Amino acid sequence: MLNDLDSIKSLAGEEIEKADSLKAVQDLKVRYLGKKGIITGKIKSLAAIAKEDRREYGKSLNDVKIYIEELLGVREKACKAVELNKTLQIQRIDVTIPGYRIPAGHLHPTTQVLGEIIGIFTSLGFHVEEGPEVELDFYNFEALNMPKEHPARDMQDTFYISDDVVLRTHTSPVQVRVMQNNTPPLRVIAPGKVYRCDADVTHIPMFHQLEGFMVDKHITMSHLKGVLEVFIQRVFGADTKLRFRPSFFPFTEPSAEIDISCVICRGAGCNVCKNTGWLEILGAGMINPRVFEMAGYDPAQYTGFAFGMGIERVAMLKYGIDDIRLFYENDKRFLDQF
Ligand code: FA5
């Protein structure tokens with residue numbers, strides 16, 4: 001009887017030794033130790049063995065069972081190690097391969113130029129104020145000396161929301177709003193979106209302006225000239241010249257269009273400046289006493305200058321762009337250049 005245990009032991013030893021995968025080890029475990037396994041069968045048949053032989057046979061059977069269990073355990077470990085190695089080989093990570101670079105976006109050119117301009121004026125002591133884009137007719141026109149039916153309103157093609165509400169056509173209404181809520185001295189810039197029913201290579205329906213104004217006692221046009229000179233030379237270079245050309249805005253008196261010496265030909269004359277040597281950059285003037293009255297200031301006491309520029313126009317001159325519509329077509333090839 002003990003002989004059959006010896007042959008089970010040696011057969012199991014051989015088979016387990018040959019098992020070369022986790023599956024093969026698992027199968028052998030079932031074959032020997034499973035519910036219907038060879039060893040389990042022998043344990044079940046112990047009762048049928050004569051009492052005097054049962055003890056010794058039982059002990060030997062238990063030794064064989066322990067032997068098989070240990071052998072299976074060792075083999076299982078070895079197979080697991082082999083399979084883990086295989087998996088690691090297949091899934092090996094080469095840490096020397098360069099990673100994927102996620103393309104990062106950047107600020108829109110208009111935002112960049114606006115940021116640069118705001119930086120220049122804040123360094124001169126101006127602070128930033130904002131106003132609503134959906135504006136009352138009163139602030140956009142009336143308080144700026146353009147009563148209803150005034151012909152100057154035609155200078156700006158307006159999107160009307162109702163008779164009394166418009167999409168603001170310029171940032172100048174912020175002048176009045178700030179003056180109503182503050183007393184001089186004031187040094188303010190007001191950047192933001194404005195809207196006009198207008199579209200060609202130099203005009204779009206939504207664009208950005210930056211308004212600037214300074215109000216105090218004894219402010220003169222030479223303050224305006226000094227501030228604009230610093231601004232223009234920081235944006236376009238120290239050798240850029242400024243020219244004040246008489247003009248008209250209902251909310252400034254006197255008024256001027258400010259030109260800069262052409263950034264392309266430096267004043268010699270070229271296509272961009274239409275051979276004049278000058279490029280128009282912004283509108284400006286001394287704040288009209290009527291505007292002070294509308295805002296509740298005493299025009300006998302205070303004077304001030306104001307100016308307003310189109311940000312896209314500044315960006316076009318700075319980067320030599322000849323079609324304003326390019327800014328908002330969202331062509332990545334265009335935007336990537338900034
Ligand atoms: C004004 O809007 C005045 N509020 C500026 C001002 C402020 C004058 C304070 C005096 C004192 P104007 O309509 O010229 O002015 O517009 C100013 C600038 O906005 C223009 O020089 C131009 O660069 C830009 N601009 C005007 N219309 C458009 C448009 N449709 N698309 C893009 N830029 C425009």
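User: Where is the closest cysteine sulfur to Cys270, and why is there no bond?
Analyst: This is a predicted model. In it, the closest cysteine sulfur to Cys270 belongs to Cys262, 3.7 Å away. That is too far for a bond, because a disulfide needs the sulfur atoms within 2.5 Å.

User: And which cysteine sulfur is closest to Cys262?
Analyst: That one is in Cys265, at 3.6 Å. Again it is too far for a bond.

User: How many disulfides does the structure hold, then?
Analyst: Zero.

User: Is Cys262 buried or exposed?
Analyst: Cys262 is buried, with 0% relative accessibility. Cys270 is buried too, at 14%.

User: Switching to pockets. How much space lies in the largest pocket?
Analyst: About 880 Å³. It is lined by 36 residues. Closest to its centre are Arg196, Phe207, Gln209, Glu280 and Gly310.

User: Which elements supply at least two residues of that lining?
Analyst: Four strands and a helix do: strand 5 (206-216), strand 7 (252-261), strand 8 (278-287), strand 9 (303-310) and helix 10 (311-319).

User: How does the lining of the largest pocket divide into nonpolar, polar and charged?
Analyst: It has 16 nonpolar residues, twelve polar and eight charged.

User: What about the second largest pocket? How much space is there?
Analyst: About 430 Å³. Its lining has 19 residues. Val272, Lys274, Leu279, Arg313 and Leu317 are the closest to its centre.

User: Which elements give two or more residues there?
Analyst: Strand 6 (242-249), strand 8 and helix 10. Strand 8 and helix 10 also contribute to the lining of the largest pocket.

User: And the classes in the second lining?
Analyst: Nine residues are nonpolar, three are polar and seven are charged.

User: New topic, aromatics. How many aromatic pairs are there?
Analyst: The count is twelve. Take Phe138 and Tyr139: their ring centres are 5.1 Å apart. Their planes meet at 80 degrees, over the 60 cut-off, so the pair is edge-to-face.

User: Are those two buried or exposed?
Analyst: They split. Phe138 is partly exposed at 30% relative accessibility. Tyr139 is buried at 12%, because buried means under 20%.

User: What sits over the ring of Tyr139?
Analyst: The charged end of Arg177, 4.1 Å from the ring centre.

User: And which residue lies over the face of Tyr67?
Analyst: Lys9 does, at 4.8 Å from the ring centre.

User: Last one. Which residues form an aromatic cluster?
Analyst: Phe121, Phe126, Phe231, Phe305 and Phe307 form one.

Technical notes:
Residues numbered from 1 in each chain as written. Predicted model: local features only at pLDDT ≥ 70, side-chain atom pairs only at ≥ 80, totals over all residues. Heavy atoms only, no water. 1 Å grid on protein atoms, 1.4 Å probe; cavity = no way out; pocket = protein on both sides within 12 Å on 5 of 7 lines; lining within 4 Å. Points joined across faces, edges and corners; volume = space filled by probe spheres on them. Nonpolar A, V, L, I, M, F, W, Y, C, P; charged D, E, K, R; others polar. Phe/Tyr/Trp six-rings, centres within 6.5 Å; stacked < 30°, edge-to-face > 60°. Buried < 20%, exposed > 50% of the residue type's maximum accessible area, 1.4 Å probe, protein only. Lys NZ or Arg CZ within 6 Å of the ring centre and 35° of its normal.
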